[in-house]
Amino acid sequence: MSAASVTLSLANGHNMPVLGFGTWLVDKDVVGQAVIDAAKAGYRHFDCAERYQNQREVGVAFNALWSEGFKREDFFITSKLWCTRHDKAEESIRQTLKNLQIEYLDLYLIHFPEAFPAGTEEEVMAVNCMIAKETGENPYAPVTIEDTWTQMETLVEKKFTRSVGVSNFATSELKDILSYAKIRPAANQVELHPYNASPALVDFCAKENIAVTGYTSLANPFFLNEIDPDNPQRPPVKLDALMQNEKVTAVAKAHNKSAAQILLRWGIQRGYAVLIKTLKPDRLKENMAVFDFELSASEMQSLLSLNCDYKIVNPPWRVWPEEA
């Protein structure tokens, strides 16, 4: 069973492979070869974004793959609309398609619910939000999610993308979109791992037939206990590196699998797609070997019991609803 053959059915009938290769934080000088290696290893789901600032290099890699005989229609390619572009969805997707050297996306997501004023960098936005707490001023751009979603729907109608969805949206924000959407969001991409399991959000998406993609699936230990004194949303905590947690390693030992394979399998068995990122060819193959075993109900629950609602991706400008 290959990484491409196991898929999730989106509400509009399209299929998304449950195992995807992510390009977040992959440097421009290596991302192209990483994409080529992943494709040759069997990956067909690739996750990109304007904000990652490496789509031109990913596009060169895609073009090289097409030249070698790989077929675009066999790939599932996702990209995202960045926060400064909520009022320019069509302009943004046109540039994304140009950079990726493809004619359409399979899935286009609103990266975060927040809209930034044009040209505002994340670091500046974080400072503006801190100042706003003192002044009471609104630091965000006057673009509503409803306005942005209407633009996203037009992108489907114009065939720039087959599906549209969201990323980093909480349940209440999804309910808001569902109240006015003519085209329902096909997917919600969010941070998911045992330390941030989000069971209520995952259950809501399943009920509403919104596919879920989990990122940061292995809870990268580089970020896990990072302390940011300027970000009250990231309090200091002490968590074991997830792949070294005794509950994770116990399950891995029982199945003669790596901790990474266990965490990826846990996500897949919860019913969502998972993203991986590695520059090592042996890890690419290892991370694909997650379809020849199954976790028991007790093992699934053991990993779920690690949940402590700890978000690694928790920028100071993100306004999480209370239920998140």
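For the lining counts below, Ala, Val, Leu, Ile, Met, Phe, Trp, Tyr, Cys and Pro are nonpolar, Asp, Glu, Lys and Arg are charged, and the others, Gly among them, are polar. Please keep in mind that the structure above is a predicted model.

## The second largest pocket

With that sorting in hand, the lining of the second largest pocket divides into one nonpolar, ten polar and eight charged residues. The space inside comes to about 330 Å³. Of its 19 lining residues, Glu50, Arg51, Gln53, Trp82 and Asn99 lie nearest the centre. Helices α2 (55-67) and α3 (89-100) are the elements that give two or more residues to this lining. The largest share, four residues, comes from α3.

## Two enclosed strands

Let us turn to strand β5 (residues 76-81). Six of its six residues are buried, so the strand is largely enclosed by the rest of the structure. On one side of the pairing pattern, β4 and β5 run parallel over three bridges, and Asp47 stands opposite Thr78 of β5. Strand β5 is also joined to β6 by four bridges, again in the parallel sense; here Ser79 has Tyr108 of β6 as its bridge partner.

Strand β9 (residues 211-215) gives a similar picture. Five of its five residues are buried, so β9 too is largely enclosed by the rest of the structure. In a regular strand the side chains alternate between the two faces of the sheet. In β9, Ala211, Thr213 and Tyr215 are on one side and Val212 and Gly214 on the other, and all of them are buried, which leaves both faces covered.

The neighbours of β9 are easy to follow. Strand β8 (residues 187-191) pairs with β9 in the parallel sense over five bridges, with Val190 opposite Gly214. Strand β10 (residues 273-276) also runs parallel to β9, joined by two bridges, and Ala273 in β10 is the bridge partner of Thr213.

The connections through helices can be set side by side:

| Opening strand | Helix | Closing strand | Unit |
|---|---|---|---|
| β4 | α2 | β5 | right-handed β-α-β |
| β5 | α3 | β6 | right-handed β-α-β |
| β8 | α7 (residues 199-207) | β9 | right-handed β-α-β |

Helices α2 and α3 therefore appear twice in this account: each gives two or more residues to the lining of the second largest pocket, α2 belongs to the unit with β4 and β5, and α3 belongs to the unit with β5 and β6.

## The cavity

How many cavities of 30 Å³ or more does the count give? The count comes to one, and the space in the largest cavity is about 30 Å³. Its lining consists of Met16, His45, Asp47, Thr78, Leu107, Leu109, Ala187, Asn188, Gln189 and Thr213. Strands β4 (45-47), β6 (107-110) and β8 are the elements that give two or more residues to it. The most, three residues, comes from β8. By residue type, the lining divides into four nonpolar, five polar and one charged. Some of these names have come up before: Asp47 and Thr78 stand opposite each other in the pairing of β4 with β5, and Thr213 is bridged to Ala273.

## A buried loop asparagine

Finally, Asn168 sits in the loop between β7 (164-167) and α6 (171-178). Is this residue buried or exposed? Asn168 is buried, because its relative accessible area is 3%, and the cut-off for buried is under 20%. Its side chain reaches the backbone oxygen of His111 at 2.9 Å.

How values were computed: Residues are numbered from 1 along each chain as its sequence is written. This is a predicted model: local features need pLDDT of at least 70, side-chain atom pairs count only at pLDDT 80 or more; totals for chains, interfaces and linings use all residues. Side-chain values use heavy atoms; hydrogens and water are left out. Buried means under 20% relative accessible area, exposed over 50%, partly exposed in between (1.4 Å probe, protein chains only). Two strands pair if DSSP finds at least two bridges between them. A crossover is right-handed if, with the strands pointing away from the viewer, the path from the first strand over the helix to the second runs clockwise. On a 1 Å grid over the protein atoms alone, a cavity is a set of points where a 1.4 Å probe fits but cannot get out, and a pocket is an open set with protein on both sides within 12 Å along at least five of seven lines; lining residues have an atom within 4 Å of a point. Grid points are joined across faces, edges and corners, and a volume is the space filled by probe spheres set on the points. A polar contact is a pair of N or O atoms within 3.5 Å; within protein, one must be able to donate a hydrogen and the other to accept it, and residues adjacent in sequence count only if both atoms are side-chain atoms.
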